[in-house]
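Visitor: I would like to learn how to read a model like this one, feature by feature. Could you walk me through it?
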2 protein chains.
Amino acid sequence: MVEIITGGITAPKGYSATGLRVGIKEGQSTKKDMAMVYSERPCKAAGTFTTNVVKAAPVKFDRQVIDSNEEVCAIVVNSGVANACTGSEGMSYCEEMAKTTANVLNISEKGVLVASTGVIGKQLPMDKINEGIKLMAPKLGTSFEDATLAAEAIMTTDTHSKQIAVKTTIDGKEVTIGGMCKGSGMIHINMCTMLGFITTDVAISKKMLQKALSDDIVDTFNMVSVDGDTSTNDTVLLLANGLAGNKEITEENEDYIEFTKALNTVTTFLSRQIAGDGEGCTALFEVKVLNAATKEKAVTLSKSIVTSSLTKAAIYGHDANWGRILCAMGYSGAEFDPEVVDIYFESAAGKIKIVENGVATDYSEEEATKILSESEVTAIADIKEGSQCATAWGCDLTYDYVKINADYRS
Amino acid sequence: MVEIITGGITAPKGYSATGLRVGIKEGQSTKKDMAMVYSERPCKAAGTFTTNVVKAAPVKFDRQVIDSNEEVCAIVVNSGVANACTGSEGMSYCEEMAKTTANVLNISEKGVLVASTGVIGKQLPMDKINEGIKLMAPKLGTSFEDATLAAEAIMTTDTHSKQIAVKTTIDGKEVTIGGMCKGSGMIHINMCTMLGFITTDVAISKKMLQKALSDDIVDTFNMVSVDGDTSTNDTVLLLANGLAGNKEITEENEDYIEFTKALNTVTTFLSRQIAGDGEGCTALFEVKVLNAATKEKAVTLSKSIVTSSLTKAAIYGHDANWGRILCAMGYSGAEFDPEVVDIYFESAAGKIKIVENGVATDYSEEEATKILSESEVTAIADIKEGSQCATAWGCDLTYDYVKINADYRS
């Protein structure tokens, strides 16, 4: 039984965290911009990274750490500058961040992961970064407040911090998972342009930990899209320190399945939080494609709808413009028969069928508008050719999205 | 020598046109919504249509006419209602439009093409359509003013009509090409969601006419993107009535090449007009990718940049956020080496290199902002791996785009 509890990344045994402001975000004088996560016992580490050909320095750095099989004790993160498109100088700064962190925490520098988010193309202000690392080490704490400091420090244009913790029982032992992430602009599938950090005290092999994460993101983080752009810095890191005391999970047994359920609760929550907090957005837009012949087709269709600028603008306008949904399905590249498609809108205010077999039903515009005026709106397309389904998450497209992105750097 | 002359679709010999308001666009009381184009001599006809799986009734109807080898004498167009997702009822209305037109013009109903643009999912108000066709026939005229009436009547959210005429000499005869189009929202590549109508008096075989159009749109209409959505109604029709009196073009000879040059002048002009008049846009955004190994790669990269919401918003903000350009290239799916890429911005105010070998140059932000503040801005990415190039056109993303699309139907 997976249960949601109050907490964040410090909820599992052995983890501490903190966050503070060192001044990397210029001209935004109150915003924190550095976070640190530490595990008192070395962790198995898993990671998934952006598929963008242009990879930020921290993505390349972390990939090496994950591939090296080293156990990890700490993650250090900055917001404000992405350390992307920064050449060999940028890579050397990742190494310096890890080294400084290792020194102040008295751990191996091979066991430090780094992450950055913010403006592309600027070099990190390493004097501030090094100072921040030194200031954070003595402030590390295990409370929810400490986790919140970290969750707030990784935000860029996010309007609120995003964190969750869950517990379950594995092999008779209480196992806890905590997570935090930042999203907002530049969020797209494969992977969402986002940073996600998940901690757990479960005992699990590195191989099974990576499998759990890699399998999970297909239906969670990879199904989030805010603006269709996939960033240079997308990163999800998952640490497991084994302090729960369960028998180490080394195969796809009952314990593994229970762990993946708990993990999925965390990643689904965080994915929906990211989608619902897209830049300037006023509504979480969920899209379900039902009864496709293949999973791949359901994914393609649902992503095409959720990323359509026209559909997103219609959701913002509470306009039941189902033609745009059918249109977005049509240019997705997936084959289907438009003349059998049913489309529904659903929210807390009710459910309405607006298209039957490709043609508008005699639905009430008033009722449709009422359903579309909720803060979470679902569009459902039933293509009636098989049994595969997919769910994608995004948000509406608003004036404020444009405003935020027209002068992000200034 | 291709020369641009004053005129539109009535510029070539034998063509007349008109446009008027019959009230299909409700609540927009001054806007024209029907247009007619007529050739006194039957024409060879070529067409290219949307690749969207969901095809509007007029697209299906015209495809049949083009494939039938029938000669065409007239095109009738309405704006306000797209006749898309309208089932068999919608198809029957295309037939009725053609029949009414054939009756009033005393031509074969097999020689009538139809086109619609506007809201998806509504049935056409056939009483108004039939009335409009009857009113238009006696008003057909050959002046530029008559062409302008037609060009205005096909507009939806376009802010101005788009037309051009050119003349050249083929086989010692003066040959004229005229064109008009509508674009604005929902404009994307393959093909741009748009209606384009091109008339010419050249004598050419149907096969060569279709080849000329199909080859041309690859570098013109298909390289336009306003919002990444590809519509159900995209249509480009090209009529040739042979009244110029040249020897009929039946192969890829000198005459054919001269014709394609003249055609390309028309289609490039119209494509840039569509991009520069995207919904709510303030700037034409041109993207050139230079020195790719393959043409396909150059096309993929340039389209990915020109459709990136984040890049488009940065252009609106006159912000030299080149990181977003490199990022958009990175997620395009095309392989390239980000560490050799040079990026430039260019406009009437000058040209500036902002990235060299993947890293920012020491450019002046002030100068970059000046260049980006022009009404036509070009981004150039040199990927230094081959000799293939591509140019794509789009526009910036603005508050007004969102406003227009949030409540298009109301």
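Visitor: Let me start with strand β3 (residues 34-49) of chain A: how many of its residues are buried?

Guide: This is a predicted model, so let us read the strand as the prediction places it. The cut-off to keep in mind is that a residue is buried if 20 or more other C-beta atoms lie within 10 Å of its own. In β3 of chain A, twelve of the 16 residues are buried, so the strand is largely enclosed by the rest of the structure.

Visitor: Which strands does β3(A) pair with, beginning with strand β2 (residues 15-20) of chain A?

Guide: For pairing, look at the sense and at the bridges. β2 of chain A runs antiparallel to β3(A), with six bridges between them. To find the register, take A:Ala17, whose bridge partner in β3(A) is A:Val37. Strand β4 (residues 72-81) of chain A is also antiparallel to β3(A) and is joined to it by six bridges; here A:Met34 has A:Asn78 in β4(A) as its bridge partner. Strand β9 (residues 235-240) of chain A pairs with β3(A) in the antiparallel sense too, over six bridges, and A:Ala46 stands opposite A:Leu238 in β9(A).

Visitor: And how do I read a whole sheet? What is the strand order in the six-stranded open sheet of chain A?

Guide: Read across the strands from one edge to the other. The order in chain A is β13-β12-β11-β14-β10-β15, and the pairing is mixed. At the edges stand β13 (359-360) and β15 (388-395) of chain A; each has a single partner strand, so one side of each is left without a neighbour in the sheet.

Visitor: In which sense do strand β10 (residues 284-292) and strand β14 (residues 376-382) of chain A run?

Guide: β10 and β14 of chain A run parallel, joined by seven bridges. A handy landmark is A:Lys288, which stands opposite A:Ile380 in β14(A). Helix α7 (residues 295-307) of chain A packs on the sheet, where it touches β10, β14 and β15 of chain A, and its direction makes about 20° with that of β15(A).

Visitor: What angle does helix α6 (residues 254-276) of chain A make with β15(A)?

Guide: Helix α6 of chain A runs at about 45° to β15(A), lying across β10 and β15 of chain A.

Visitor: Now chain B. Which strands are paired in its open sheet of six strands?

Guide: Chain B has the order β13-β12-β11-β14-β10-β15, with mixed pairing. Its edge strands are β13 (359-360) and β15 (388-395) of chain B, each pairing on one side only. Inside this sheet, β11 (residues 342-347) and β12 (residues 350-356) of chain B pair in the antiparallel sense over five bridges, and B:Glu346 has B:Lys351 in β12(B) as its bridge partner.

Visitor: Is helix α4 (residues 144-153) of chain B mostly covered or mostly uncovered?

Guide: It is mostly covered: eight of the ten residues of α4(B) are buried. Among them are B:Asp146, B:Leu149 and B:Glu152. The buried residues of α4(B) pack against β2 (15-20), β3 (34-49), β4 (72-81), β6 (162-170) and β7 (173-182) of chain B.

Visitor: How should I read a single residue in a loop, and where is A:Met194 found?

Guide: Look at its place in sequence, then at its surroundings. A:Met194 is in the loop between β7 (173-182) and β8 (195-200) of chain A. With 28 C-beta neighbours inside 10 Å, A:Met194 counts as buried. A:Met194 and A:Ser231 are 37 residues apart in sequence, yet 7.9 Å apart in space, C-alpha to C-alpha.

Visitor: What about the overall layout: into which domains is chain A divided?

Guide: Chain A is divided into domain 1 (3-275) and domain 2 (284-406), whose C-alpha centres lie 32 Å apart. The chain has eleven helices and 15 strands, and buried residues make up 62% of its 410 residues.

Visitor: Last one: what is the mean pLDDT of chain A?

Guide: The mean is 90, and 92% of the residues of chain A reach 70 or more. Over residues 186-192 of chain A, however, the pLDDT is below 50, although this stretch has 41 contacts in the model beyond near neighbours in sequence. Where pLDDT is low, the predicted coordinates should not be read in detail. The model as a whole scores ipTM 0.71 and pTM 0.79.

Note on methods
Residues are numbered from 1 along each chain as its sequence is written. Chains are lettered from A and ligands numbered from 1 in the order in which they are written. This is a predicted model: local features need pLDDT of at least 70, side-chain atom pairs count only at pLDDT 80 or more; totals for chains, interfaces and linings use all residues. Helices (H or I, at least four residues) and strands (E, at least two) are DSSP runs, numbered from the N terminus. Domain bounds come from an automatic or database domain assignment. Two strands pair if DSSP finds at least two bridges between them. Two residues are in contact if their C-beta atoms, placed from the backbone, lie within 7 Å. pLDDT is the predictor's confidence in each residue, from 0 to 100. Axes are lines fitted to C-alpha atoms, for helices over the stretch in contact, and angles run from 0 to 180 degrees between N-to-C directions.
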